[in-house]
Amino acid sequence: MEDQNELFEQALDIEWPWYVDRVAPDPVKRLMIIHLDFVAGGTFTCGTCGTGGCKAYDTRVKKWRHLDFFGYRTFLQGPSPRVDCATCGVRQAELTWAGRRQGFTLRFEEMVLSLAREMSVRTVARVVGEHDTRLGRIVSHYAEVGNSA
């Protein structure tokens with residue numbers, strides 16, 4: 001079991017203080033939830049200013065849609081800490097896997113953007129099993145960011 005968790009940690013490219021706590025596949029629903037956690041006393045980077053070494057202030061459990069693994073619709077689930085930043089006060093910690101839109105990982109967003117260059121958002125939605133409105137928000141967000149740069 002520990003080897004399996006380490007394999008997923010490498011595949012997800014997560015680093016200390018984060019780790020894969022457990023992997024929960026559901027073969028009937030073809031669904032997999034990868035439960036993440038962090039080491040007690042671990043420190044984080046402030047998501048606002050980038051200051052490192054910030055201690056967790058509190059957490060809230062969140063879930064992010066990720067790329068499918070082995071044909072299973074996959075989600076990451078775990079605590080999303082807010083940190084007590086000396087510069088900014090209490091702010092959301094930077095989560096290296098989290099995308100810019102709520103509820104998706106960065107890698108999932110990248111895949112959606114790549115597919116959206118070649119096909120309609122509606123077709124992408126059918127391919128990945130998500131609602132086209134949610135995916136349209138990803139595409140719009142990055143189009144706005146690209147136009148403002």
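Strand 4 (54-69) and strand 5 (72-85) run antiparallel to each other and pair over 11 bridges; pairing here takes at least two DSSP bridges between the strands. Helices (H or I, at least four residues) and strands (E, at least two) are DSSP runs, counted from the N terminus. The model is a predicted one, so to speak only of what passes the filters, local features need pLDDT of at least 70 and side-chain atom pairs count only at pLDDT 80 or more, while totals for chains, interfaces and linings use all residues. Residues are numbered from 1 along each chain as its sequence is written, and side-chain values use heavy atoms, with hydrogens and water left out.

Back to the two strands. They make a hairpin with two residues in between, and F70 in that turn has a positive phi of about 55 degrees. F69 sits opposite Y72 in strand 5. Strand 5 also has other partners. With strand 2 (31-38) the pairing is parallel, over five bridges, and H35 faces Q77 of strand 5. With strand 6 (residues 89-92) the pairing is antiparallel over four bridges; a three-residue hairpin links the two, and D84 stands opposite V90. Of the 14 residues in strand 5, 11 are buried (under 20% relative accessible area with a 1.4 Å probe, protein chains only; exposed is over 50%, partly exposed in between), so the strand is largely enclosed by the rest of the structure.

Helix 1 (2-12) comes next. Its buried residues are N5, F8 and L12. Viewed down the helix axis, these fall within an arc of 60 degrees, so they line one face; the arc is taken from the directions between the axis and the C-beta atoms. The face turned away from the buried side carries exposed E2, D3 and Q10. The buried residues pack against strand 1, strand 2, strand 4, strand 5 and helix 2 (106-116), where contact means heavy atoms within 4.5 Å. Right after the helix comes D13, with a positive phi near 60 degrees.

What about the nonpolar cores? A core is a set of buried Ala, Val, Leu, Ile, Met, Phe, Trp, Tyr and Cys residues joined through side-chain atoms within 4.5 Å. The largest has 24 residues, and L12, W18, V20, I34, L36 and W97 have the most contacts inside it. Helix 1, strand 1 (18-26), strand 2, strand 4 and strand 5 each supply at least two of its residues. Leaving aside residues up to four places away in sequence, I34 touches F8, L12, V20, R22, V23, F69, T74, F75, L76 and Q77. A second, separate core has nine residues, including F104, F108, L113 and V128.
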